Amino acid sequence: YTLKNVRKNHTIEVVFEKIGWQNPYSDVTGADWFYEDVQFVSENGLMNGTSEDRFSPDDVLTRAMLVTTLWRLAGQPVVNYLMQFEDVPQDEWYTEAIRWAASEGIVLGYGDGIFGTNDSITREQLAVILYRYEQHLGGGFTGMWMFPLRYDDAEAVADWAYEAICWLTMKDVYVTHDGNLLDPGEKATRAETAAFLCRFCKHHEAQEANH
C-alpha cells in the first residue's frame, strides 16, 4: 500500500495464510486415488504436467522422466561428467538429470552408447532405480537381512529387483495393486510414480523427525 497525506500514526496488521494447492489439471480430480500424490509432487517441484492443464496420470513413465524427478529430488546438482550416450542431446530438459544419474551410478545405459531416454519403465525397474537412489543417500539394507514378500505374485519379481522391492514394501513405499499384487512387470504410470515418490519422501521425513 502507498499511504498519502499521513497525519498521524497508523497500525497495519498483515495476516498471511497458506493458500491451498490450486489444481491446474483437468485430468486429476479430488476423487482420484492419486490426487494427494500428484499434489505432493507438484507442490515440491518433482513432476510437471505434460501440458499446462494435463498431468496424464495414466501415461507410462519414461526413463528420462524418472531420472529427472530424482534429479529434482536431489536438488538438481550440477556435475562434471562426460556422457557417452548417443541418444542424449546436450540441451534437452533431461540432459543434466541423466548426466547426474549416470555419474552416480543410479541409472545406467544399455551399453553401446544407448541410454533409452524414451523407453518406458516397469514397476520393478522403478523400484530398483528408486532403491539405488536410496543407497546413494546411504540407506537400504546392510549386512544380513530377510524380508518375506507375502504377495500372490511374488514369484514374478526378477532376481535383480528382489532386494529393491523388499525394501520398498517394508518401508511402505511400493504401490501395490488391488488383489495383493505387486505386478512387477507392468508399465509404471505417472500417477503410480507420483505415489512412489510421495511415499519415499514421507518415509525420509519420518526418519528425520525421529532423529
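This report walks through the salt bridges, one enclosed helix, the main nonpolar core and a buried glutamate in this structure.

The model is predicted, so please keep in mind that local features need pLDDT of at least 70, side-chain atom pairs count only at pLDDT 80 or more, and totals for chains, interfaces and linings use all residues. Residues are numbered from 1 along each chain as its sequence is written, and side-chain values use heavy atoms, with hydrogens and water left out.

**Salt bridges**

Let's start with charge pairs. A salt bridge here is a side-chain nitrogen of Lys or Arg within 4 Å of a carboxyl oxygen of Asp or Glu. By this rule there are four salt bridges, and the table lists three pairs, including R199 with D172.

| Pair | Closest N to O distance |
|---|---|
| D27 and R54 | 3.6 Å |
| E192 and R123 | 3.1 Å |
| R199 and D172 | 3.8 Å |

To place these pairs, it helps to know that helices (H or I, at least four residues) and strands (E, at least two) are DSSP runs, numbered from the N terminus. Burial has cut-offs too: buried means under 20% relative accessible area, exposed over 50%, and partly exposed in between (1.4 Å probe, protein chains only).

D27 forms a salt bridge with R54. Because D27 sits in the segment before α1 (35–43) and R54 in the loop between α1 and α2 (63–73), the pair ties together parts that are 27 residues apart in sequence. D27 is buried, at 16% relative accessible area, whereas R54 is partly exposed at 40%.

The side chains of E192 and R123 also meet in a salt bridge. E192 belongs to helix α6 (residues 190–209) and R123 to helix α4 (residues 123–136), so this pair ties together parts 69 residues apart in sequence. Both ends are buried: E192 has a relative accessibility of 7%, and R123 has a relative accessible area of 0%.

R199 forms a salt bridge with D172. This pair links distant parts of the chain, with R199 in helix α6 and D172 in the loop between α5 (159–170) and α6, 27 residues apart. R199 is partly exposed, with a relative accessible area of 32%.

**Helix α3**

Seven of the 10 residues of helix α3 (residues 95–104) are buried, so this helix is largely enclosed by the rest of the structure. Among them are I98, R99 and W100. The buried residues of α3 pack against α2 and α4. After α3 comes G105, whose phi is positive, near 70 degrees.

**The nonpolar core**

A nonpolar core is a set of buried Ala, Val, Leu, Ile, Met, Phe, Trp, Tyr and Cys residues joined through side-chain atoms within 4.5 Å. The largest one has 60 residues, and L70 and L168 touch the most other members. Each of α1, α2, α3, α4, α5 and α6 supplies at least two residues of this core, and the largest share, eight residues, comes from α6.

Contact means heavy atoms within 4.5 Å. Not counting residues up to four places away in sequence, L168 touches A127, L130, Y131, V173, Y174 and F196.

**A buried glutamate without a salt bridge**

E134 is found in helix α4. This residue is buried yet has no salt bridge; K171, the nearest side chain of opposite charge, is 7.6 Å away. For that count, Lys and Arg are positive and Asp and Glu negative, while His and the chain ends are not counted.

What does the side chain of E134 make a polar contact with? Its partner is the side chain of H204, at 2.6 Å. A polar contact is a pair of N or O atoms within 3.5 Å; within protein, one must be able to donate a hydrogen and the other to accept it, and residues adjacent in sequence count only if both atoms are side-chain atoms. Leaving aside neighbours within four places in sequence, E134 is in contact with G139, G140, W167, F200 and H204.
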